[in-house]
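Biologist: I want the reasoning behind the labels, not just the labels. Can we take them one at a time?

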Amino acid sequence: MSEIIRLVKSADFVHLHNLYQKRKSISELKWLLQDPDDSAKFNGYVAVNKEDTIVGMIGFISSTYKFGDKEFIGVIPMSWKIEEGYKGMAGIQLFKKVLQHGDFNLTIEGSLLAQSIYPMFGLKNVGCSHTCMKLLKPLQYYLSFENKPLYRRLGNFAIMLQSFIKKTPKVKGVLDINEVNINDIDKNVPYLYKNYLEKKMSANYIKWLLKCPVNKSFGFEIYNKDKFIGYSVCYVHRIKGKYNRGRIVYIPNFESNNLLSEDLIAFLTRFLKKKGCASISMSLMDLNLLNVVKGSGFIDYTSKDKPIFVRPSNILETIGVNVDNWYMQYTEGDKAYRNI
């Protein structure tokens with residue numbers, strides 16, 4: 001008998017907590033699946049067997065993307081989890097259910113097993129997101145991996161040391177950047193550059209990012225010559241109660257105005273260093289921004305780059321956009337708050 005696939009309900013979260021063997025808290029799961037525009041709605045499905053037991057779940061994020069004057073709904077499956085040892089078709093049914101949503105679907109990485117079956121669903125690898133990292137406090141960073149094998153710690157440290165040697169540009173003050181309280185976020189990020197495929201970053205979506213219960217979140221309001229040009233979001237994650245690692249989750253698109261990007265990255269790097277972060281990570285696809293980030297003292301940690309899969313396989317050609325003009329960061333899916 002096939003499992004019943006239905007939307008997640010409030011009463012499910014204790015069961016989902018147990019499905020994850022309590023590795024994800026109830027507050028984390030509720031935040032993760034909560035619709036940014038409707039707090040009473042959860043973006044996820046569960047699979048229920050004939051004993052009325054939840055044996056699997058999948059979440060998704062549905063967002064509006066713009067390219068030029070066109071808008072598209074993009075849906076990202078995430079947190080795909082099946083009860084260990086379960087032999088049914090629940091996983092396939094859950095994944096297919098999410099793929100019914102939106103004008104296009106995209107997935108970021110996933111397990112090797114998941115990546116091996118993506119082609120069955122028409123998902124095509126179109127490139128990767130670059131993972132850029134900056135080492136700020138070498139000793140603290142090294143000690144934060146104390147449970148990893150020595151050879152992995154040394155190899156990782158040797159790669160990261162390259163970024164420690166690279167200098168971070170000084171803050172030039174071309175932008176007016178102010179930390180902002182979540183309750184004061186009331187503006188949508190303007191879509192300024194029509195030659196980019198870009199998620200519409202609404203005030204509600206920025207607030208949703210900042211509500212993450214797993215990390216300490218920081219939001220910033222950004223002006224250029226008294227004109228509002230967007231928000232930025234950063235996370236700080238505490239390791240073993242002793243070490244901090246930082247993440248730049250989102251910065252606005254400044255297209256080729258590299259001076260603005262450099263100034264914001266320099267500001268955020270110094271902010272996260274003051275918060276005691278031993279390292280900083282960013283994720284991006286845009287090649288111009290990649291060059292700016294590398295020029296700001298970061299390295300492109302290529303072994304941590306994440307493959308991107310899309311469906312329909314010709315969606316980018318249909319839209320008319322090059323993958324290098326896809327303004328994608330940690331704002332996609334559930335990557336922002338994990339593995340900092």
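Modeller: Start with Phe-121, in a model that is predicted. Setting aside neighbours within four places in sequence, Phe-121 is in contact with Ile-92, Phe-95, Lys-96, Leu-99 and Arg-311. Phe-121 sits in the loop between helix H4 (112-117) and strand S8 (124-135).

Biologist: Is Phe-121 buried or exposed, and what makes it so?

Modeller: The relative accessible area of Phe-121 is 11%. Buried means under 20%. Therefore Phe-121 is buried.

Biologist: How far is Phe-121 from Asn-257?

Modeller: Their C-alpha atoms are separated by 39 Å, and the two residues are 136 apart along the chain.

Biologist: Which residues of helix H3 are buried?

Modeller: In H3 (residues 90-99) they are Ala-90, Gly-91, Leu-94, Phe-95, Val-98 and Leu-99. They pack against strands S1 (4-7), S4 (44-48), S5 (54-67), S6 (70-82), S7 (104-108) and S16 (306-311).

Biologist: Now the pair H8 and H9. Why is H8 called oblique to H9?

Modeller: Helix H8 (residues 258-274) and helix H9 (residues 287-295) pack at an angle of about 50 degrees, their axes 10 Å apart. Angles under 35 degrees count as roughly parallel, and 65 to 115 as roughly perpendicular. An angle of about 50 degrees fits neither range, so H8 is oblique to H9.

Biologist: What is the hand of the crossing, and which residues meet?

Modeller: H8 passes H9 in a right-handed crossing. From H8 come Asn-258, Ser-261, Glu-262 and Ile-265; from H9 come Asn-288, Leu-289, Val-292 and Val-293. This contact divides into four nonpolar residues, three polar and one charged.

Biologist: Why do residues three or four places apart in a helix point the same way?

Modeller: An α-helix has 3.6 residues a turn, so that spacing brings residues round to the same direction.

Biologist: Next, a lysine. How do you know whether Lys-66 is buried or exposed?

Modeller: Lys-66 has a relative accessible area of 15%. The cut-off for buried is under 20%. So Lys-66, a residue of strand S5, is buried.

Biologist: What does the side chain of Lys-66 make a polar contact with?

Modeller: The side chain of Glu-71, at 3.3 Å. That counts, because the limit for a polar contact is 3.5 Å. Beyond four places in sequence, Lys-66 also touches residues including Tyr-191, Tyr-196 and Leu-197.

Biologist: What makes Ser-279 count as buried or exposed?

Modeller: The relative accessible area of Ser-279 is 2%. That falls under 20%, so Ser-279 is buried. Ser-279 lies in strand S14 (residues 277-284). Residues up to four places away aside, Ser-279 touches Lys-134, Leu-136, Tyr-141, Met-160, Asn-244, Arg-245 and Gly-246.

Biologist: And Tyr-205 in helix H7 (residues 203-210): buried or exposed, and why?

Modeller: Tyr-205 has 5% relative accessibility. With buried set at under 20%, Tyr-205 therefore counts as buried. Its contacts outside four places in sequence are Pro-36, Ile-61, Ser-63, Lys-199 and Thr-331.

Biologist: How is the Tyr-205 side chain placed against Thr-331?

Modeller: A polar atom of the Tyr-205 side chain lies 2.7 Å from the backbone oxygen of Thr-331. The C-alpha atoms of Tyr-205 and Thr-331 are 9.1 Å apart, with their positions 126 residues apart along the chain.

Biologist: What about His-237, in strand S12? Which side chain makes a polar contact with the His-237 side chain?

Modeller: That of Asn-215, at 2.7 Å. The value lies within the 3.5 Å limit.

Biologist: Two backbone cases. Why are Gln-21 and Lys-240 called partly exposed?

Modeller: Gln-21 has a relative accessible area of 46%, and Lys-240 has 41%. Buried is under 20% and exposed is over 50%. Both values fall in between, so both residues are partly exposed.

Biologist: What is phi in these two residues?

Modeller: Positive: about 50 degrees in Gln-21, which is not a glycine, and near 55 degrees in Lys-240, also a residue other than glycine. Gln-21 lies in the loop between helices H1 (13-19) and H2 (26-33). Lys-240 lies in the loop between strands S12 (227-239) and S13 (243-250).

Biologist: Which peptide bond is cis?

Modeller: A cis bond joins Arg-311 and Pro-312, with omega about 0 degrees. Pro-312 is in the loop between S16 and helix H10 (315-319).

Note on methods:
Residues are numbered from 1 along each chain as its sequence is written. This is a predicted model: local features need pLDDT of at least 70, side-chain atom pairs count only at pLDDT 80 or more; totals for chains, interfaces and linings use all residues. Side-chain values use heavy atoms; hydrogens and water are left out. Axes are lines fitted to C-alpha atoms, for helices over the stretch in contact, and angles run from 0 to 180 degrees between N-to-C directions. Helices (H or I, at least four residues) and strands (E, at least two) are DSSP runs, numbered from the N terminus. Angles under 35 degrees count as roughly parallel, over 145 as roughly antiparallel, 65 to 115 as roughly perpendicular and the rest as oblique. A crossing is left-handed if the near helix is turned anticlockwise from the far one by less than a right angle, and right-handed if clockwise. Contact means heavy atoms within 4.5 Å. Ala, Val, Leu, Ile, Met, Phe, Trp, Tyr, Cys and Pro count as nonpolar, Asp, Glu, Lys and Arg as charged, and the others, Gly among them, as polar. Buried means under 20% relative accessible area, exposed over 50%, partly exposed in between (1.4 Å probe, protein chains only). A polar contact is a pair of N or O atoms within 3.5 Å; within protein, one must be able to donate a hydrogen and the other to accept it, and residues adjacent in sequence count only if both atoms are side-chain atoms.
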